[in-house]
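User: I am new to this structure and should be grateful for a close look at a single part of it. Please explain how that part is built and how its surroundings meet it, and then extend the account to other places that help a newcomer to find the way.

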Amino acid sequence: MGKDLKVTVCTNICEKEIIVPSGSTLQEILAMVDNEPNIYVAAVVDKRLKELSWKLYKDARVQYIDTGTPIGHDLYKRSVVLLLLKAVKDVLQKPEGDYRIEIMYSLGSGFFCRLVDEDTVIDDELLAKIKARMRELVEADIKIEKKGRSTSDMREEFMRRDLPGKSLLLKYRRASRINIYNLGGYEDYYYGYMVPSTGYIKEFDLEKYDDGFVLVIQKKDTKKLPESYKAPDKLYGILRKSEDWGQKLGISCVGQLNEQIVAGKTNDLMLVQEALMEKQIADIAETIIKGDKKIILIAGPSSSGKTTFSNRLSVQLRAHGLRPHPIAMDNFFKEREETPRDEEGKFDFECIEAMDLDLFNKTMSGLLQGKEMPMPTFDFTQGKKVFDGETLKLEDGDVLVVEGIHALNPKSTSSLPVESNYKIYISALTQLNIDEHNRISTTDTRLLRRIVRDARTRGNTATQTISMWPSVRRGEEKNIFPFQEEADAMFNSALIYELPAIKQYAEPLLFGVEEDSEEYYEAKRLLKFLDYFLGIDVQSVPQNSLIREFIGGGCFKV
């Protein structure tokens with residue numbers, strides 16, 4: 001094997017320097033220092049993510065990562081999907097071209113999946129058999145092998161297996177060879193790494209839901225399954241509606257989108273997509289008017305397009321003769337000295353306790369009662385609310401459009417009559433998948449939006465935006481996602497053509513992330529993701545398009 005290597009090994013319980021033979025795998029090195037090595041699923045070697053099968057030939061610092069990290073959790077979820085597909089193949093015992101499993105979209109702690117097979121019905125009995133087979137595969141601890149294969153050969157094979165999305169995806173791959181994962185003879189293509197073997201996969205479940213089922217996966221924070229899984233029905237409804245939109249456009253995966261771009265149909269695609277989105281906004285406006293709602297509460301995660309949506313909704317309301325008044329909940333922060341602090345002692349502006357809910361409810365109640373109310377503006381420099389004489393009084397036809405991360409939390413409107421409120425949840429719930437078995441993460445879409453917008457409006461580098469993203473995500477998971485089902489309406493802000501549009505803006509920023517930075521891996525991963533898409537000319541993107549909030553050139557002030 002050659003000379004011995006000096007390796008600094010970092011795990012959750014220790015950091016130590018050890019001597020190992022050259023050519024040792026990361027998995028073998030881990031076993032030398034940890035009694036429970038299979039809780040780790042990958043490692044960062046000198047700031048480069050590697051699978052545990054990677055062999056080391058030089059001195060290095062190795063940081064092992066588990067499923068409690070975003071990278072580790074994504075890797076684990078990907079591996080569970082492969083396990084599921086292998087188990088389905090074994091249970092059905094029929095040629096893969098006679099059926100197809102589609103991994104559709106994320107539903108809370110799981111993925112909604114669909115079996116395309118006229119001869120097989122998804123029921124509890126079948127799911128029990130599949131789950132039992134998955135358990136058998138886990139107990140057998142079968143190695144998951146990575147193999148290089150010809151891109152053209154795999155295109156033909158995927159067509160034979162009735163996986164046209166994968167075949168089309170590979171049509172636009174520049175490399176002549178790709179990496180395929182093999183589990184007990186079942187081969188598949190994945191966007192990302194895998195665990196070394198099935199023995200690493202501990203927590204999963206299958207739940208019948210609608211015309212498919214949910215593959216329930218352990219939660220990132222607890223590393224356990226949820227105590228009881230309940231699918232978010234409203235979220236599922238809007239995702240299903242978005243899927244229908246994609247079918248109307250003839251696009252459900254990246255390969256089909258690329259085909260449309262090559263065929264010169266981008267402008268038509270934009271017009272139809274924007275028309276579908278405008279119709280949904282108009283439908284929401286009509287519901288508000290029919291219900292005689294006075295306060296519209298809008299919440300959603302970062303970079304979901306809340307500002308442009310609020311403006312477009314206001315245009316629709318004005319078209320119906322109403323006068324919308326925008327109100328930012330951020331103007332109702334508590335004074336700085338009253339702001340709670342997090343576990344690190346820093347001001348926690350994300351928690352609901354940072355909001356002056358008493359003043360917010362008093363102000364909104366007064367407006368509903370026809371009173372003229374003073375309206376604050378929060379001065380973030382001084383850390384206090386400023387009352388500069390601005391007041392508001394609702395007249396006939398006036399409606400309040402309130403935007404804030406806590407807008408859907410019942411605590412925010414505890415003193416307001418329920419019948420006066422209309423709650424809207426907005427997020428970029430992309431209807432596209434990479435292919436039948438690889439999803440496009442809503443989080444990735446929003447992160448790319450924010451990287452582009454922050455560079456344009458705040459002068460932030462991609463490195464800065466990526467470094468802040470974990471904190472942003474923690475705030476969303478705590479303060480926004482738990483209340484999404486409280487919404488009266490959900491709005492999907494994802495545009496089917498937006499990633500080809502945003503690609504040209506994001507790529508130069510991502511290439512600017514230094515190789516020695518902590519954010520380099522994430523930048524590299526996003527660059528690989530964008531490489532699946534063909535770019536488009538954005539000159540034809542309408543000025544009121546939601547994507548203009550991020551790339552610029554829009555008609556609304558953001």
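Analyst: Helices, of type H or I and at least four residues long, and strands, of type E and at least two residues long, are taken here as DSSP runs and numbered from the N terminus. The model is a predicted one.

The part chosen is helix 4, together with what lies against it. Helix 4 spans residues 151-160, and its buried residues are Thr-151, Met-154, Glu-157 and Phe-158. Viewed down the axis of helix 4, these buried residues occupy an arc of 120°, so they line one face of the helix. The spacing has a general background: an α-helix has 3.6 residues a turn, so residues three or four places apart point the same way. On the face of helix 4 turned away from the buried side stand the exposed residues Glu-156 and Arg-160. "Buried" here means a relative accessible area under 20%, and "exposed" means one over 50%.

What covers the buried side? The cover of the buried residues of helix 4 includes strand 8 (144-150), helix 5 (164-171), strand 9 (177-183) and strand 10 (186-188). Beyond the helix comes Asp-162, which has a positive phi near 60°.

The strands of this cover are themselves joined. Strand 8 pairs with strand 9 in the antiparallel sense, over seven bridges, and Arg-149 stands opposite Ile-178 of strand 9. Strand 9 also pairs with strand 10, again antiparallel, over three bridges. Here Leu-183 faces Tyr-186 of strand 10. Two residues separate strand 9 from strand 10 in a hairpin, and Gly-184 in the turn has a positive phi of about 55°. Of the seven residues of strand 9, five are buried, so the strand is largely enclosed by the rest of the structure.

Charged side chains meet aromatic rings in this stretch of the chain. Arg-161 lies over the face of Tyr-186, at 5.1 Å from the ring centre. In a comparable way, Lys-166 is placed over the face of Tyr-190, at 5.4 Å from the ring centre.

A second hairpin can be read in the same manner. Strand 11 and strand 12 (residues 212-217) are paired in the antiparallel sense over six bridges, with Asp-205 opposite Val-216 in strand 12. Two residues lie between strand 11 and strand 12 in this hairpin, and Asp-210 in the turn has a positive phi of about 50°.

Strand 11 leads to the aromatic side chains. The structure contains 16 aromatic pairs. In one of them, the ring centres of Tyr-209 and Tyr-236 are 4.9 Å apart and the ring planes stand at 80°, so the pair is edge-to-face. Tyr-209 belongs to strand 11 (residues 204-209) and Tyr-236 to helix 6 (residues 233-249), so the pair ties together parts that are 27 residues apart in sequence. Both Tyr-209 and Tyr-236 are buried. Another edge-to-face pair is formed by Phe-378 and Phe-380, with 4.9 Å from centre to centre and 65° between the planes. Phe-378 has a relative accessible area of 6%, so it is buried, whereas Phe-380, at 46%, counts as partly exposed. Ring pairs join these two with Phe-333, Phe-347 and Phe-349 in a cluster.

Helix 6 also holds Ile-238. This residue is buried, with a relative accessible area of 8%. Between the C-alpha atoms of Ile-238 and Tyr-209 there are 15 Å in space, and the two residues are 29 apart in sequence. Apart from neighbours within four places in sequence, Ile-238 is in contact with Gln-280, Leu-429, Met-490 and Asn-492.

A further buried position is Tyr-76, which is found in helix 2 (residues 70-92). Its relative accessibility is 1%, so Tyr-76 counts as buried. With neighbours within four places in sequence left aside, the contacts of Tyr-76 include Tyr-200, Ile-201, Lys-202 and Glu-203, and also Ile-217 and Gln-218.

The cysteines remain. The structure has zero disulfides. For Cys-113, which is in no disulfide, the nearest cysteine sulfur is that of Cys-253, 17 Å away; a disulfide would need the two sulfur atoms within 2.5 Å. Cys-113 is buried at 0% relative accessibility, and Cys-351 is buried with a relative accessible area of 4%.

Note on methods
Residues are numbered from 1 along each chain as its sequence is written. This is a predicted model: local features need pLDDT of at least 70, side-chain atom pairs count only at pLDDT 80 or more; totals for chains, interfaces and linings use all residues. Side-chain values use heavy atoms; hydrogens and water are left out. Buried means under 20% relative accessible area, exposed over 50%, partly exposed in between (1.4 Å probe, protein chains only). Rings of Phe, Tyr and Trp (its six-membered ring) pair if their centres lie within 6.5 Å; planes under 30 degrees apart count as stacked, over 60 as edge-to-face and the rest as tilted. A charge sits over a ring if NZ of Lys or CZ of Arg is within 6 Å of the ring centre and within 35 degrees of the ring normal. Two strands pair if DSSP finds at least two bridges between them. The arc is that of the directions from the helix axis to the C-beta atoms. Contact means heavy atoms within 4.5 Å.
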